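Visitor: I have a model open and would like to walk through it. Can we begin with one residue and work outwards?

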Amino acid sequence: MYTGGQLVKVRSASRVYRRFYWLDEEKGELRWEPSKKDSDKARVRLSDIHEVRSGKNSEVFLSVDAAEHFPNECAFSIVYGEEYITLDLVASTTEEANIWCTGLRHLISGLATSASPGDTAREAREKWLSDMFSAADVNSDGFMDENESIQLIKSLSDGVRDNVIKTKLREYLKSIKTGPETDQPVGLTQPHFIELFKDVATRAEVYFILVRYASHEDAMSVDDLRSFLEMEQGINASPEMCLTIVAECEPSAQLREKRMLGIDGFTRYLTCDKCALFNPKKRTPTQDMNRPFSHYFISASHNTYLIQDQLSGRTSLSCFQTVLEKGCRCVSFDVWSFVDNNNEKNLMVHHPRNNRQQVRLHLSVR
Ligand SMILES: [Ca+2]
């Protein structure tokens, strides 16, 4: 790559150009022999490259007729810059294409690992939490009492239940009180707060999705987010849409600058109104609700849990799903307590005259 070689550049409008390409090691740039028209533009900084994609897998390759006769194994695209532009190239042989792809990827990953994004994501999260702690510690004594801690955690992690925070917080405070520094004020120190926040606000199921798509351990790049949206959500997202998500949801300024989404930003995105099944416009009544009750029709069901009649019919969770999908907004449960084989008490849903088929209450409600 340093000595360079001939490559064919494919552009939209079916134009192809044969140019000499080489790596300028000193400047960290991929360069090519320029045309007179754009002599200054014939370069891409390695640090601006997001991805080196093998094969004819870019918009240009897939849309330009002239690209059809190039072998797929010789083609590759370099995705770079803020606009995620592609430089679409074709080598003379498969070997040559492999050298360019492997070499460029190696150089890019070298640049990336010099400041490990995994560490960056963890450090950025802790920096964000430290800043939030300092701003909320109004008397600047380095401690947060129980109420202050609960309020701060709630404000930073929308959706974590109060009782979960309280239970964990009391466990932490108890362990601090019985520790060696008992003469210090009762409250959370900054490291304790960060530890507690991570404990209560990190949702395991969200974290598993994040690490499955993150090309680095604890944060998603814009490309990772695009893959997630396409594979899991069925959304054909543009890079701009992904950048907007990062800008709107990622709380850490450091990660936003790096155009990455950490666990808190990803959780915020998944729980925001844009991802909600419920139409946010309908959170408040959209119809006239001041008329007498009998003027309204409300789709309701009786003995929702029964598949057939109430004497011999089976009870099934799917009944709730079916009626809700049909627009029913009033469902009925018959709840009975039941002692199972482990001598544990459970709440079960079944008909009073037919308890042979039962489903657990918590499953029905979920
Ligand atoms: Ca304080």
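Visitor: What does Leu225 touch?

Guide: Leu225 touches Met220, Cys242, Ile245 and Leu261, leaving out residues up to four places away in sequence. Two residues are in contact if their C-beta atoms, placed from the backbone, lie within 7 Å. This is a predicted model, where local features need pLDDT of at least 70 and side-chain atom pairs count only at pLDDT 80 or more, while totals for chains, interfaces and linings use all residues. Residues are numbered from 1 along each chain as its sequence is written.

Visitor: And how many residues are in the largest nonpolar core?

Guide: That core has 33 residues, and Leu225 is among those with the most contacts inside it, together with Ala219, Met220, Val246, Met260 and Leu261. A nonpolar core is a set of buried Ala, Val, Leu, Ile, Met, Phe, Trp, Tyr and Cys residues joined through C-beta atoms within 7 Å. Buried means that 20 or more other C-beta atoms lie within 10 Å of the residue's own; exposed means 12 or fewer, and partly exposed is in between, with C-beta atoms placed from the backbone.

Visitor: Which elements give two or more residues to this core?

Guide: They include helix H3 (117-136), helix H4 (146-156), H6, helix H8 (222-233) and strand E9 (260-261). H3 gives the most, with 5 residues. Helices (H or I, at least four residues) and strands (E, at least two) are DSSP runs, numbered from the N terminus.

Visitor: Where does the core lie with respect to domain 2 and domain 3?

Guide: Between them, because domain 2 (118-201) and domain 3 (211-275) both give residues to this core. The domain bounds come from an automatic or database domain assignment.

Visitor: Any second core? Which residues does it include?

Guide: A separate core of 18 residues includes Val52, Phe61, Leu87 and Ala91.

Visitor: Back to H4. Which of its residues are buried?

Guide: Ser149, Leu152 and Ile153 are buried in H4. They cover an arc of only 95° around the axis, so they sit on the same side of H4. The arc is that of the directions from the helix axis to the C-beta atoms. Asn147 and Ser155 are exposed, on the face of H4 turned away from its buried side.

Visitor: Same question for H6: which residues are buried?

Guide: Phe193, Leu196, Phe197 and Ala201. Seen down the axis of H6, these fall within an arc of 105°, so they line one face of the helix.

Visitor: Arg122 in H3: buried, partly exposed or exposed?

Guide: Arg122 counts as partly exposed, because it has 17 C-beta neighbours inside 10 Å. Arg122 is 141 residues from Ile263 in sequence, and the two are 9.4 Å apart in space, C-alpha to C-alpha.

Visitor: Switching to strands. How many residues of E7 are buried?

Guide: In strand E7 (residues 85-90), 5 of the 6 residues are buried, so the strand is largely enclosed by the rest of the structure.

Visitor: Which strands pair with E7?

Guide: Strand E1 (residues 5-11) pairs with E7 in the antiparallel sense over 3 bridges, and strand E6 (residues 75-80) does so over 6 bridges, also antiparallel. Two strands pair if DSSP finds at least two bridges between them. Val90 in E7 is the bridge partner of Val8, while Leu89 in E7 stands opposite Phe76.

Visitor: What about the hairpin of E6 and E7?

Guide: It has 4 residues between the strands, and Gly81 takes a positive phi near 80° there.
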